[in-house]
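Biologist: I should be grateful for a close look at a single part of this model, namely the surroundings of the ligand. Please describe that part with care, and then place it in its wider setting.

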Amino acid sequence: MRVLSVASEVFPLIKTGGLADVAGALPAALKPYGADMKTLLPGYPSVMSKVRDPEVRLVLNDLLGEKATVLEVTIDGASMLILDAPAFYRRAGGPYVDETGKDYPDNWRRFGALSLAGALIAEGGMPGWRPELVHVHDWQAALTPVYMRYRPTPELPSVLTIHNIAFQGQFGLDAFAGLELPPHAYSVEGVEYYGDIGFLKGGLQTATAITTVSPSYALEILTPEFGMGLEGVIASRMDNLHGIVNGIDADIWNPKTDPMIARHYDSSTLKERQRNRKAIVEHFSLDDDDGPIFCVVSRLTWQKGMDLLAGSVEEIVAMGGKLVILGAGDAALEGALLSAVAAHPGRVGMAVGYNEPMSHLMQAGCDAIIIPSRFEPCGLTQLYGLRYGCLPIVARTGGLNDTVIDANHAAIQAKVATGVQFSPVTTEGLLQAMRRAMHLFEDRKLWTQMQKQGMKSDISWGRSAERYAALYSSLVSKGM
Ligand code: ADP
């Protein structure tokens, strides 16, 4: 089956978050199911610098008023279609923001162009390859199914995946004319959104099927609390809504071979984790006692509950816990956490910034990872924690709910527990979970059993790819 995937970031060419990991992993994960996937993404400078000897596949002299070329290259066995449109994408700064961190004012045009290019390829505009299905990701590609609906595109099924509904691509009505959609596309069935234009909203209305990255999040976004204004639209598409959990790259995240940790181990050699723990103790100058070391690896934002964490440090230390934090983001949260660190030398440590090796070492050396997110579409750090024997202590929400089995009495008896869940997501809720974790840690036999159970969890791409493949097949065989 020929599938066109459209995304604004794809690992290893460009990454700012989990979307890139998923878009990057899908082609290889779906290959065993017979999917011939090509992935369309913008030619940002960092992408162009990695492209060698591309083949020119399509020249567009007027893509929303600018010149563009679609270049094909193969990266790690996967075919990438790079939309090289210098007027849109060759800029200093990131994929979405300029060097000062501000959104580019013409993001509606930049990603309208990406979406339109996707629709043109869907129509058969690229000689020699026409997809049988189009899979688009997040608001940046969500206009592809909209263009497919309103242009004379032959009927073709489409899938829209929501990685985080907080990002919707909402722009003023004045953008509409520049998108080159027919006037009737500005309607409730199309891109109209509270008097503005909604990219994600338009995609939700027009895609054949909608997926999000966990079953729990699929239910949550039907409610006003999590739907962020789109709950009504999603409810109207409920029959075509699916929750499919993300997988992880089990080669990169493998404690048996990980080059970024101090000592390799597996579930039969868990004692070897001590060497990684020692590396953490030394790096953060922690007291070397037997109590548990908790870690946090996170963007420092309200979504991730980092304010709740800052408000809990004092008590976590008072309980006898130690804590190490790796994160970057909101300056106020960073300040609050740094002052908590300063108040507890030997007990709490913090590394500010993005540090891939340290994120691996923390999972390999700490006893548990704390994830107090207010909402979490899927989440990856709890999956890494499971794989590394670093027990996840998680808010009961979204993908965290779907991937961690709470150590309640029944789960412990049945030997299926893999972590601790808590609700409500408040400081008190988090502290109660921390008390439970401290208590569980006192029973080392039980703790080890939980570590081993977590390490057995099937969190690679296999099962998720099977679900995507089944969805694709059902849509293509229905002719829609
Ligand atoms: P989100 O995409 O919402 O930030 P996820 O849990 O889905 O959350 O993915 C976060 C990814 O980024 C994980 O791979 C995590 O290890 C990594 N990460 C987050 N913060 C840091 C950091 N400061 N340094 C290194 N890696 C980080």
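**The shell around the ligand**

Modeller: In this predicted model, strand 13, strand 14, helix 15 and helix 16 each supply at least two residues of the shell around the ligand. Strand 13 gives the most, with three residues. The ligand is surrounded by 16 residues, and the closest are Arg299, Lys304, Gly353, Asn355 and Leu380.

Several polar contacts can be described one at a time. In the side chain of arginine 299, an N or O atom is 2.7 Å from an oxygen atom of the ligand. Glycine 353 takes part through its backbone, where an N or O atom lies 2.8 Å from a nitrogen atom of the ligand. Leucine 380 also uses a backbone N or O atom, which lies 2.9 Å from an oxygen atom of the ligand. Taken alone, the ligand exposes 560 Å², and the protein buries 88% of that area.

The elements that form this shell also meet helix 11, which spans residues 273-283. Its buried residues are Arg273, Asn276, Arg277, Ala279, Ile280 and Val281. These buried residues pack against strand 13 (293-300), strand 14 (322-329), helix 15 (356-365), helix 16 (381-388) and helix 20 (444-456). A general rule is useful when reading such a list: an α-helix has 3.6 residues a turn, so residues three or four places apart point the same way. After helix 11 comes serine 285, whose phi is positive, near 50°.

Strand 14 contains lysine 322. Lysine 322 has a relative accessibility of 0%, and therefore counts as buried. A polar atom of the side chain of lysine 322 lies 3.4 Å from the backbone oxygen of glycine 291. Apart from neighbours within four places in sequence, lysine 322 is in contact with several residues, among them Arg277, Asp287, Asp289, Ile293 and Arg347. Of these partners, Arg277 is one of the buried residues of helix 11.

For the wider setting, the aromatic rings offer a second view of the packing. The structure holds 12 aromatic pairs. In one of them, the rings of phenylalanine 171 and phenylalanine 199 have their centres 5.2 Å apart and their planes at 65°; the pair is therefore edge-to-face, as the angle is over 60 degrees. Phenylalanine 171 lies in strand 8 (residues 170-171) and phenylalanine 199 in helix 7 (residues 199-206), so this pair ties together parts that are 28 residues apart in sequence. Both phenylalanine 171 and phenylalanine 199 are buried. They belong to a cluster in which ring pairs link Tyr96, Phe111, Trp139, Phe171 and Phe199.

Another pair joins tyrosine 193 and tyrosine 194, with ring centres 4.8 Å apart and planes at 50°, so this pair is tilted. Tyrosine 193 is buried, with a relative accessible area of 5%, whereas tyrosine 194, at 62%, counts as exposed. A ring may also lie beneath a charged side chain: arginine 91 lies over the face of tyrosine 104, at 5.0 Å from the ring centre.

Finally, the backbone deserves a brief remark. Most residues other than glycine have a negative phi, and most peptide bonds are trans. The bond between phenylalanine 11 and proline 12 is cis, with omega about 10°, and proline 12 is in the loop between strand 1 (2-6) and helix 1 (18-30). The bond from serine 423 to proline 424 is also cis, with omega near 0°.

Note on methods. Residues are numbered from 1 along each chain as its sequence is written. This is a predicted model: local features need pLDDT of at least 70, side-chain atom pairs count only at pLDDT 80 or more; totals for chains, interfaces and linings use all residues. Side-chain values use heavy atoms; hydrogens and water are left out. Buried means under 20% relative accessible area, exposed over 50%, partly exposed in between (1.4 Å probe, protein chains only). Helices (H or I, at least four residues) and strands (E, at least two) are DSSP runs, numbered from the N terminus. Contact means heavy atoms within 4.5 Å. Rings of Phe, Tyr and Trp (its six-membered ring) pair if their centres lie within 6.5 Å; planes under 30 degrees apart count as stacked, over 60 as edge-to-face and the rest as tilted. A charge sits over a ring if NZ of Lys or CZ of Arg is within 6 Å of the ring centre and within 35 degrees of the ring normal. A residue is near a molecule or strand if one of its heavy atoms lies within 4 Å of it. A polar contact is a pair of N or O atoms within 3.5 Å; within protein, one must be able to donate a hydrogen and the other to accept it, and residues adjacent in sequence count only if both atoms are side-chain atoms. Accessible areas come from the Shrake-Rupley method with a 1.4 Å probe; for residues, only the protein chains shown count as cover.
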